[in-house]
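Visitor: Please take one helix of this model and go through it closely, then place it against a few other parts of the chain.

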Amino acid sequence: MKKIILVGGGISSCILAIFLKDKNHKVEIYEKTNSLGGVLKDYKFNDNIFFKGIQYFDIKNQWHEKFIKLFKKEFNIFEHIYGSFSEIDNKKYSTFNFAAPYFKKINLKNLPTLQKLKKNKRISLEDRLSFYGSKEKSFLLNIVKRHKLDAKKISFNSAIALQMDRIAYLESTEEIIDLKKKFILDDFYAIERFRIFNEKLIATLPKKGFSNFFTYFEKILKQKGIKIFLKQKIEPVWKGNKLSLFSNDKLILNDHVIWSGDPSKLIQSYNGQELDSMFTRFIQVHSNVSSNFDKNIYFQIFSEKSNITRIYLYEINNQKKISLECIVHPVDEKKILDEAVKILEKFKIKIKTNKNTIHQKIDTRFNILSVKDEEIIKIFLDKTKKSNLLNGAWLYYGRDNKISHFLQVLKKKKLI
């Protein structure tokens, strides 16, 4: 039996706590805010609840079976549907087959030769976009600039957070399949999901919203004997390769530490290095709606003109909702919703917004890495791998990948 401290009260810590407690470890969660949930906590406007960004749980992962047994009555299970709308050179392309930038036809002459691709650097986002033709690269770089980001300073895999790690084409499926046979290009081009997978994409969402769900989740964790400390700011102190944690100047004894949140303070306390802590900012516009579409669905938007980057249709408490993510720019809520309505019409989806529920909020996300920060984190992880800090997931993108990484670490340490 070990005493394991989880710093951060998001979904990763809550799920890992269950796995650890099931192996009879002493488990404590420390969260700096007044509730669990982290980035999943909902937005509230008057009596209305809206998701913060596009959120759902994919059931095909190694933790969901344990998770859904505890919370089956709290969740809706559904086929997850997505689409993409791209607007380039005054031409508009819409599809349900991809959630990626979508072009008409690949121009093989514009692609770098395979020999050059093998020599391409894989450091920055600009390096990644160089795997595409000049037209595609220019289009995507312009979107990055509109986010007020520098593609030369962002890490190679930050493309995942910007939804531009793969691109797709309307008329070049066979050419793309041929390209994907060359291992170096497989992670850069998308083809229709049904060509790879026979099964549908199944996901879950809490019926009453995430904040309500985490209130219930907290009760379950406490019933299992997991201690939860809210409004606790943790101070890390390193002595050699030993990490000590303090809260209100009180030492928190531990055998192992899982630090699931922002590692800035943790790394600075170890070696004095400050992270760039780059971020993206979005304006989120929300409204209750009536619609002819009765399924949860999201659309990625890639446009030279529109400030919309995502459209999400979903339900909370049996009420249909729409949430838009927009590049930070002065936004007229009603005009931007009207623009979204026109895009949805391309997919034969009709919605009517409820003017009394329309509102907007700014959302800041630390979901990208600078090239410098990526290198700092890699060195930090290597130098602390024999410490009581369990290897963090800061270089991974996506909730499932982060949780899967931690579970593998726990298995390797024989803690689960």
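Guide: What follows looks at helix 9, then at a sheet, a loop residue and the nonpolar cores. The model is predicted.

Helix 9 covers residues 333-345. At 1.5 Å a residue, these 13 residues should span 18 Å, and the end C-alpha atoms are 19 Å apart, which agrees. The buried residues of the helix are I336, L337, A340, V341, I343 and L344. Seen down the axis of helix 9, they fall within an arc of 165°, so they line one face of the helix. K335 and K342 are exposed and sit on the face turned away from that buried side.

The buried residues of helix 9 pack against several strands: strand 7 (81-88), strand 17 (280-291), strand 18 (297-303), strand 19 (308-316), strand 20 (319-327) and strand 21 (351-353). At the N-terminal end, helix 9 is capped by D332, which has a side-chain oxygen 3.1 Å from the backbone nitrogen of K334.

Elsewhere, three strands make an open sheet in the order 5-11-6, with antiparallel pairing. Strand 5 (57-58) and strand 6 (75-79) each have a single partner strand and stand at the edges, so one side of each has no neighbour in the sheet. Strand 6 is joined to strand 11 (residues 202-206) by five bridges. N76 has L205 of strand 11 as its bridge partner.

The loop between helix 10 (371-383) and helix 11 (399-412) contains N388. N388 has a relative accessible area of 8%, which makes this residue buried, the cut-off being under 20%. Residues up to four places away in sequence aside, N388 touches N241, K242, L243, N254, D255, H256 and V257. One of these, N254, is 134 residues from N388 along the chain, yet their C-alpha atoms are separated by 8.3 Å.

Last come the cores. In soluble globular proteins, nonpolar side chains tend to be buried together. The largest nonpolar core here has 60 residues, and Y189, L245 and L389 touch the most other members. Helix 5 (residues 134-146) gives the most to this core, with five residues. Another core, of 50 residues, lies apart from it and includes F50, Y82, L205 and I220. As for Y189, leaving aside neighbours within four places in sequence, this residue is in contact with I106, L111, F131, Y132, R166, I167, Y169, I176 and K180.

Conventions. Residues are numbered from 1 along each chain as its sequence is written. This is a predicted model: local features need pLDDT of at least 70, side-chain atom pairs count only at pLDDT 80 or more; totals for chains, interfaces and linings use all residues. Side-chain values use heavy atoms; hydrogens and water are left out. Helices (H or I, at least four residues) and strands (E, at least two) are DSSP runs, numbered from the N terminus. The expected span of a helix is 1.5 Å times one less than its number of residues. Buried means under 20% relative accessible area, exposed over 50%, partly exposed in between (1.4 Å probe, protein chains only). The arc is that of the directions from the helix axis to the C-beta atoms. Contact means heavy atoms within 4.5 Å. A polar contact is a pair of N or O atoms within 3.5 Å; within protein, one must be able to donate a hydrogen and the other to accept it, and residues adjacent in sequence count only if both atoms are side-chain atoms. Two strands pair if DSSP finds at least two bridges between them. A nonpolar core is a set of buried Ala, Val, Leu, Ile, Met, Phe, Trp, Tyr and Cys residues joined through side-chain atoms within 4.5 Å.
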